[in-house]
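Open the model in your viewer and keep the sequence panel beside it. Each stop below gives a selection to make and then says what is there.

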Amino acid sequence: MTVSGHSAGSLWMEYDPGPAYPLLQGDIRVDVAVVGGGIAGISAAWELAQAGRTVALVEADRIAHGVTGHTTAKLSALQGVAYSRIRKARGAVGARQYAASQQDAVGHVQRLSDQLGIDCDLERTAAYTYVTDPAHAEDMRHEAEVARAAGLDAVYVEETPLPFPVAAAVRLDDQVQFHPRKYLLALAADLVRRGGKIFERSRVTDLREGDPCRLTTSAGHTVHAEDVVVATHYPVFDRALLFTRLEPKREAVVAGPLPPDSPVPDGMFLTEENNTRSLRTAPHDGHGRLLIVTGEKFTPGAPKDGAAAHFETLAQWAGTHFKDFTVTHRWATQDNFSTDHVPYVGRLHPMADHAYVATGFGGWGLSGGVMSGRLLAAMITDSPPSWSGLYDPARLHPLHEGPKMLRLGAKTAKHLVGDRLPGGHADSVDEIGPGEGAVLRSRGEGPLAVSRDASGAPHCVSARCTHLGCIVHFNEAESAWECPCHGSRFDMDGGVLQGPAVHPLGPRDVDGGR
């Protein structure tokens, strides 16, 4: 295995045909405003527009650019050992409802691609969940049985198309892998043809619920809407305190061309062994295939994890299992995990009449995003499906979720208090080299987040996350400041890369560090 000296970022982000949509530069009124331009937001906006609603989609950066632009693009109702977990947490009915809604999402993308003539490299293939340790073979047999009971045509197998042996696996045929940006940019263009409006680089910072609701951007412009959908991955408006029930995780992704004589595994593959390994291939410039490998979960902003080490471990694993594999692309993806393995999709809080949310997709944001778009559009048009209650954000199962909620609360408290204690960061700016960052104590300005870019130029901002005040930590592999509490991410100059934060880290004087 080799790693290209200049590995590119996300494979999907190389596709950028335009157009760039305008900034919101005035006040508008629509039936529905959707905040967030990933797969959940674009799907919801399209469904509402085709149902006859006037829709405005407002995105802080570029559409299909954030989490959706950094996915591994596997669309499957088979999701690891999800059905064993969901049946335990939500019962047999919950598992059946989950299976029906997720398989519906897979089929919906296939139907829309055909209907709208979207060329998004869509391939129908089998999905596999596998183990290599014989001690876990019965887990696969159980997952196959539970998935079948939930209504999926899952089968237990002991061989897969992988070029290395497995002990056991679950297979589900006719799932989908595709190019997410090709699909979503085409869907967005069709949304505009249907009368929808899209505004990019327009960050929404305030939501006033009412009749109508009012959204305000950082530039002071407003959107009045009868209904609002918050589809910002991690909710930037969290009035149901979902942050107490969401755990953010990042995963490393490496990709590169398979050599001409290398076997090409036909399918999508996932194991939770070795801190997760997920594999698929994709077309490569009209000839050959690219191998995409994901894994090495880590907590954003966790200094002990060292993100660079996760990329290296993943690349070594890929090189061991695929001879002469060369990494040409690497990136990271992030998702939020709920406390009962089911996303939160529905009313923003129990008292909300016109505000809705979609979050907590647990690593399956493509099927979850399509599902949530269909569900929220159905709720807003007063035609919710029978399984809508499964995803209700107001649900709470204390016996099952209580321990996890306590753990998440304890972790946040640890960072809120412990990260403010003296020591453990750096003593002066001089200790920070090019491409590095550290938190410094200051004379009267609070903790400083100081980093140097590749040229050695220093950048200094406040180290307090603007969401709830946790202290950020530097991810050297991605040159970003990350909050270990709720996963907000910022660039070297403090600009928001990822919520729930909506405000940048404030600029500070680098000479204030000692």
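The tour goes through cavities, two sheets, a disulfide and a few single residues. The model is predicted.

**Stop 1: the largest cavity**

How many cavities of 30 Å³ or more are there? The count is two. Start with the largest cavity, which has a volume of about 40 Å³. To see its lining, select Lys-74, Leu-78, Gly-80, Ala-127, Tyr-128, Thr-129, Met-268, Phe-269, Leu-270 and Trp-364. Now colour strands β5 (123-131) and β13 (268-271): each of them supplies at least two residues of this lining. Colouring the lining by residue class gives seven nonpolar residues, two polar and one charged.

**Stop 2: the second largest cavity**

Move to the second largest cavity, which holds about 30 Å³ of space. Which residues line the second largest cavity? Select Thr-232, His-233, Tyr-234, Gln-334, Asn-336, Gln-498 and Gly-499. By class, this lining has six polar residues, one nonpolar and no charged. Keep Gln-498 in mind, as this lining residue comes back at the sheet in Stop 5.

**Stop 3: a sheet of three strands**

Select β19 (437-440), β20 (448-452) and β21 (458-462). These three strands form an open sheet in the order β19-β20-β21, with antiparallel pairing. At its edges are β19 and β21, each of which pairs on one side only. On average, neighbouring strands of this sheet are turned by 25° against each other, direction ignored.

Zoom in on β20 and β21, which pair in the antiparallel sense over five bridges. Label Leu-448 and, opposite that residue in β21, Ser-462. The two strands form a hairpin with five residues between them. In the turn, pick Gly-456: its phi is positive, at about 95°.

Is β21 largely enclosed or largely open? Four of the five residues of β21 are buried, so the strand is largely enclosed by the rest of the structure. An edge strand of the sheet, with pairing on one side only, is thus also covered for the most part by its surroundings.

**Stop 4: the disulfide**

Show the side chains of Cys-470 and Cys-485. They form a disulfide, with their sulfur atoms 2.0 Å apart, and the count for the model is one disulfide. The torsion about the S-S bond is about -95°, so the disulfide is left-handed.

Where do the two cysteines sit? Cys-470 is in the loop between β21 and β22 (473-475), while Cys-485 is in the loop between β23 (480-482) and β24 (489-490). The pair therefore ties together parts that are 15 residues apart in sequence.

Switch on a surface to check how much of each cysteine shows. A residue counts as buried under 20% relative accessible area. At 1%, Cys-470 is buried, and Cys-485 is buried too, at 2%. Two further cysteines can be selected for the same check: Cys-120 is buried at 1% relative accessibility, and Cys-213 is buried with a relative accessible area of 1%.

**Stop 5: a sheet of four strands**

Select β22 (473-475), β23 (480-482) and β24 (489-490), then add β25 (496-498). The four strands form an open sheet in the order β22-β23-β24-β25, and the pairing is antiparallel. β22 and β25 stand at the edges with a single partner strand each, so one side of each is left without a neighbour in the sheet.

Next, look at β24 and β25, which run antiparallel and are joined by two bridges. What is the bridge partner of Arg-489 in β25? The partner is Gln-498, which was among the lining residues of the second largest cavity.

**Stop 6: Val-81**

Finish at Val-81, in the loop between β4 (74-75) and α2 (82-116). Its relative accessibility is 16%, so Val-81 counts as buried. Now select Val-170 as well and draw a distance between the two C-alpha atoms. They are separated by 9.2 Å, although the residues are 89 apart along the chain.

Technical notes. Residues numbered from 1 in each chain as written. Predicted model: local features only at pLDDT ≥ 70, side-chain atom pairs only at ≥ 80, totals over all residues. Heavy atoms only, no water. 1 Å grid on protein atoms, 1.4 Å probe; cavity = no way out; pocket = protein on both sides within 12 Å on 5 of 7 lines; lining within 4 Å. Points joined across faces, edges and corners; volume = space filled by probe spheres on them. Nonpolar A, V, L, I, M, F, W, Y, C, P; charged D, E, K, R; others polar. Buried < 20%, exposed > 50% of the residue type's maximum accessible area, 1.4 Å probe, protein only. Pairing = 2+ DSSP bridges. Axes fitted to C-alpha atoms, helices over the stretch in contact; angles between N-to-C directions. Disulfide = S-S within 2.5 Å.
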